[in-house]
Amino acid sequence: MSKATLGSKNSTNVRSFDPRLFAVRAGLRAVGALSPEAAAQWAERIYRTPRRHARPAWEREALVGAVPSRVASGAGDIPVWTFNPPRPRSGDPAVLLVHGWEGRGSQLSAFVPRLLAAGLRVVAFDAPGHGDHPAPDATVVDLADALAHVARAAGPIEGVVAHSLGGVAAVLAQRGGVGAKRYAFVAPPLNPHRFIGAFVSFFGLDPRVERRLKERIEARTGIALRELDGRLLAPRMRGELLVVHDRQDQEVLFEEGLALAGAWPGARLHETQGLGHRRVLRDSHVIREVASFIAGAEAAADTGLSMDSLEGELFHRELRWVA
């Protein structure tokens with residue numbers, strides 16, 4: 001689902017102009033005219049290869065306070081970072097931070113201080129094809145599989161905070177038997193199937209190539225694309241859900257989060273304005289809303305370091321990451 005390939009402003013697969021993409025597009029068209037199968041194989045490799053972005057300074061600084069580790073999986077060892085509350089206790093429940101396509105676990109680090117203040121452990125990881133993970137590519141099923149491996153290693157799981165496609169991964173993981181009490185999905189897509197449509201449109205793929213591309217993706221993931229629709233999956237989901245979505249999100253439209261919240265029993269929707277698809281992850285109001293929701297009754301836990309005390313402010317100095 002390479003973001004390096006799409007130009008629609010209403011897709012999670014958006015990138016700045018790159019003339020190389022137009023050379024690839026011409027190449028795919030030429031190959032497709034001769035061999036739809038070869039073109040579909042090439043297109044699929046592009047589609048499932050995310051770009052990797054260097055961690056900005058604030059994310060690197062955030063990880064300094066975490067305990068690094070690795071969790072074994074069939075796709076390679078998963079890089080994991082665990083943030084422990086100031087007074088950790090055996091069996092402290094954990095919250096998983098799940099990044100989206102072309103993201104990184106540390107991208108959600110701004111949520112860490114308030115979750116720690118509630119006495120929760122916080123666990124972030126880089127999924128296959130992303131961040132420090134050794135695998136070169138991925139599908140949404142690979143993201144879900146990585147989430148499941150980390151959840152089993154970190155348990156018990158109190159909640160999941162997921163951005164963008166990470167929400168789809170969390171839904172698939174629950175369908176596979178790995179769940180949580182509460183979920184907070186920030187800018188979740190309703191159905192990643194539409195990303196393929198934007199991909200096909202950008203590259204101008206022949207219908208025969210498009211058909212084989214979809215067949216190859218379904219064969220690789222073991223899931224029919226139509227089955228990824230959140231309106232079909234959500235009614236069977238367990239756990240409470242908070243959806244946070246910005247009205248001006250140009251990558252995953254607000255209407256998608258709205259529809260998902262409407263399909264998930266008892267879900268809540270928190271609407272924002274002017275934060276877009278990524279700045280929403282560092283907004284102080286969003287962070288407070290999500291942390292309070294995920295913590296639930298645990299928000300009253302006495303960690304001894306209140307967010308409002310001087311000692312707590314010093315301990316949670318990471319709040320400078322928050323916009």
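Which residues does Ala170 touch, not counting residues up to four places away in sequence? In this predicted model, the answer is Leu147, Val160, Tyr183 and Phe185. Ala170 itself lies in helix H6, and it is buried, with a relative accessible area of 1%. Ala180 follows 10 residues away in sequence, and the C-alpha atoms of Ala170 and Ala180 are 9.3 Å apart in space. This one residue makes a handy starting point for a tour of the chain.

The overall picture comes next. The protein chain holds 12 helices and eight strands. Of its 323 residues, 56% are buried. The surface that the chain exposes amounts to about 13300 Å², and carbon and sulfur atoms supply 53% of that area. Contacts often link distant parts of the sequence: among those between residues at least 6 apart, 75% join residues at least 24 apart.

Back at helix H6, a partner helix comes into view. Two packed helices are described by the angle between their axes and the distance between the axes. Helix H5 spans residues 140-154 and helix H6 residues 165-175; their axes come within 8 Å and cross at roughly 65°. The crossing of H5 and H6 is right-handed. On the H5 side, the contact involves Val140, Val141, Leu143, Ala144 and Leu147, which meet Leu165, Val168, Ala169, Ala170, Leu172 and Ala173 of H6. By residue type, this contact of H5 with H6 divides into 11 nonpolar residues, with no polar and no charged ones. Ala170 and Leu147, already introduced as touching one another, both belong to this meeting of helices.

The strands form the next part of the tour. Strands of a sheet pair through backbone hydrogen bonds, either parallel or antiparallel. Here, eight strands make an open sheet with mixed pairing, in the order E1-E2-E4-E3-E5-E6-E7-E8. Strand E1 (67-71) and strand E8 (268-272) stand at the edges with a single partner strand each, so one side of each has no neighbour in the sheet. On average, and with direction ignored, neighbouring strands of this sheet are turned by 20° against each other.

Following the sheet from the E1 edge, E1 and E2 pair in the antiparallel sense over five bridges. Within this pairing, Val71 has Ile78 in E2 as its bridge partner. Six residues lie between the strands in the hairpin of E1 and E2, where Gly76 takes a positive phi near 115°. As for strand E2 (residues 78-83), six of its six residues are buried, so it is largely enclosed by the rest of the structure. Ile78, Val80 and Thr82 point one way from E2, while Pro79, Trp81 and Phe83 point the other way, and all are buried.

On the next step along the sheet, E2 pairs with strand E4 (residues 121-125), again in the antiparallel sense, over four bridges. Among the bridge partners, Phe83 is matched with Val122 in E4, and Thr82 with Val123 in E4. Strand E4 is also largely enclosed by the rest of the structure, because five of its five residues are buried. Arg121, Val123 and Phe125 point one way from E4, and Val122 and Ala124 point the other way; all are buried, the arginine included.

The pairing sense then changes to parallel. E3 and E4 pair in this parallel sense over four bridges, with Leu97 having Ala124 in E4 as its bridge partner. Strand E3 (residues 94-98) also runs parallel to strand E5 (residues 157-163), to which five bridges join it. In that pairing, Ala94 stands opposite Ile157 in E5.

Another helix packs on this sheet. Helix H10 (residues 254-263) touches strand E6 (182-186), strand E7 (240-246) and E8, and its direction makes about 165° with that of E8. The buried residues of H10 are Phe254, Glu256, Gly257, Leu260, Ala261 and Ala263. Their cover includes E6, E7 and E8 as well as helix H7 (193-203) and helix H9 (230-233).

Notes: Residues are numbered from 1 along each chain as its sequence is written. This is a predicted model: local features need pLDDT of at least 70, side-chain atom pairs count only at pLDDT 80 or more; totals for chains, interfaces and linings use all residues. Side-chain values use heavy atoms; hydrogens and water are left out. Axes are lines fitted to C-alpha atoms, for helices over the stretch in contact, and angles run from 0 to 180 degrees between N-to-C directions. Helices (H or I, at least four residues) and strands (E, at least two) are DSSP runs, numbered from the N terminus. A crossing is left-handed if the near helix is turned anticlockwise from the far one by less than a right angle, and right-handed if clockwise. Contact means heavy atoms within 4.5 Å. Ala, Val, Leu, Ile, Met, Phe, Trp, Tyr, Cys and Pro count as nonpolar, Asp, Glu, Lys and Arg as charged, and the others, Gly among them, as polar. Two strands pair if DSSP finds at least two bridges between them. Buried means under 20% relative accessible area, exposed over 50%, partly exposed in between (1.4 Å probe, protein chains only). Accessible areas come from the Shrake-Rupley method with a 1.4 Å probe; for residues, only the protein chains shown count as cover.
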